[in-house]
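This briefing accompanies the sequence and the 3D structure shown below. The points are grouped by topic and are best read with the structure in view.

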Amino acid sequence: MSDPSDRPTPGFAMVPAEVLDSAAWREATGAEKDVYITLARYADGSIEDDSRKCYPGLGAIAHWSGRNPRTVQRAIDRLEELELIIRVPGVGRKNTNLYH
């Protein structure tokens, strides 16, 4: 599990308008939105060129989203199903997943 001291980017998280306006976002639960926003806080790159990506571990996502690890796992599965995120297993730092 990742160390919760692995902090997301300070400041605020940007959620693209096309995500906020999508049917998938309206269908997402509160936990799924919490996890999405936590991933957005970790993301780097530019929102304009769709290059935002991040590598947080499950423990860090759980810590910063305020959700338990199992809820985070289910939320990530669902966000991927809703096509709100793309997950690439085991390619991040410390063998974490890449999310974009």
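Which residue takes a positive phi just after α4? That residue is Gly 66, with a phi of about 75 degrees. The model discussed here is a predicted one, and its chain holds five helices and two strands, which run from the N terminus in the order α-α-α-α-α-β-β.

**The chain as a whole**

- Among the 100 residues of the chain, 39% count as buried, and the area that the chain exposes comes to about 5900 Å², with carbon and sulfur atoms supplying 50% of it.
- When contacts with a separation of 6 or more are considered, 58% of them join residues that lie 24 or more positions apart.
- The count of salt bridges comes to five, and several of them are taken up under a separate heading below.

**Helix α5 and its surroundings**

- Helix α5 covers residues 69-81, and its 13 residues should span 18 Å at 1.5 Å a residue, a value with which the 18 Å between its end C-alpha atoms agrees.
- Thr 71, Val 72, Ala 75, Ile 76 and Leu 79 are the buried residues of α5; seen down the helix axis, the buried residues fall within an arc of 135 degrees, so they line one face of the helix.
- The elements against which the buried residues of α5 pack are α3 (30-42), α4 (58-65), β1 and β2 (98-99).
- At the N-terminal end, α5 is capped by Asn 68, a side-chain oxygen of which lies 3.0 Å from the backbone nitrogen of Arg 70.
- Just after α5 comes Glu 83 with a positive phi of about 60 degrees.

**Helix α4**

- The buried residues found in α4 are Gly 59, Ala 60, Ile 61, Ala 62 and Ser 65, and the cover over the buried residues of this helix includes α3, α5 and β2.
- The contact between the two helices is thus described from either side, since α4 is listed among the elements that the buried residues of α5 pack against, and α5 is listed among those that cover the buried residues of α4.

**Salt bridges that involve α5**

- Arg 78 and Glu 27 meet through their side chains in a salt bridge, with 2.3 Å from N to O; because Arg 78 lies in helix α5 and Glu 27 in helix α2 (residues 23-27), the pair ties together parts that are 51 residues apart in sequence.
- Glu 27 is partly exposed, its relative accessible area being 47%, and a network of salt bridges links Glu 27, Arg 78 and Glu 81.
- A salt bridge also joins the side chains of Arg 87 and Asp 77, at 2.8 Å from N to O, and this pair links distant parts of the chain, with Arg 87 in strand β1 (residues 87-88) and Asp 77 in helix α5, ten residues apart.
- Arg 87 forms a salt bridge with Glu 80 as well, where the closest N and O atoms are 2.6 Å apart.
- Arg 87 is partly exposed at a relative accessible area of 22%, Asp 77 counts as partly exposed at 39% relative accessibility, and Glu 80 is partly exposed with a relative accessible area of 29%.

**Buried residues in loops**

- Thr 96 has its place in the loop between β1 and β2 and has a relative accessible area of 13%, so Thr 96 falls under the 20% limit for a buried residue.
- The side chain of Thr 96 reaches the backbone oxygen of Tyr 55 at 2.7 Å, and, leaving aside neighbours within four places in sequence, Thr 96 is in contact with Tyr 55, Pro 56, Gly 57, Gly 90 and Val 91.
- Ala 28 has its place in the loop between α2 and α3 and counts as buried at 8% relative accessibility.
- Lys 33 and Leu 82 are in contact with Ala 28 when its neighbours within four places in sequence are left aside; Leu 82 is 54 residues away from Ala 28 in sequence, while their C-alpha atoms are 8.1 Å apart in space.

How values were computed. Residues are numbered from 1 along each chain as its sequence is written. This is a predicted model: local features need pLDDT of at least 70, side-chain atom pairs count only at pLDDT 80 or more; totals for chains, interfaces and linings use all residues. Side-chain values use heavy atoms; hydrogens and water are left out. Helices (H or I, at least four residues) and strands (E, at least two) are DSSP runs, numbered from the N terminus. Buried means under 20% relative accessible area, exposed over 50%, partly exposed in between (1.4 Å probe, protein chains only). Contact means heavy atoms within 4.5 Å. Accessible areas come from the Shrake-Rupley method with a 1.4 Å probe; for residues, only the protein chains shown count as cover. A salt bridge is a side-chain nitrogen of Lys or Arg within 4 Å of a carboxyl oxygen of Asp or Glu. The expected span of a helix is 1.5 Å times one less than its number of residues. The arc is that of the directions from the helix axis to the C-beta atoms. A polar contact is a pair of N or O atoms within 3.5 Å; within protein, one must be able to donate a hydrogen and the other to accept it, and residues adjacent in sequence count only if both atoms are side-chain atoms.
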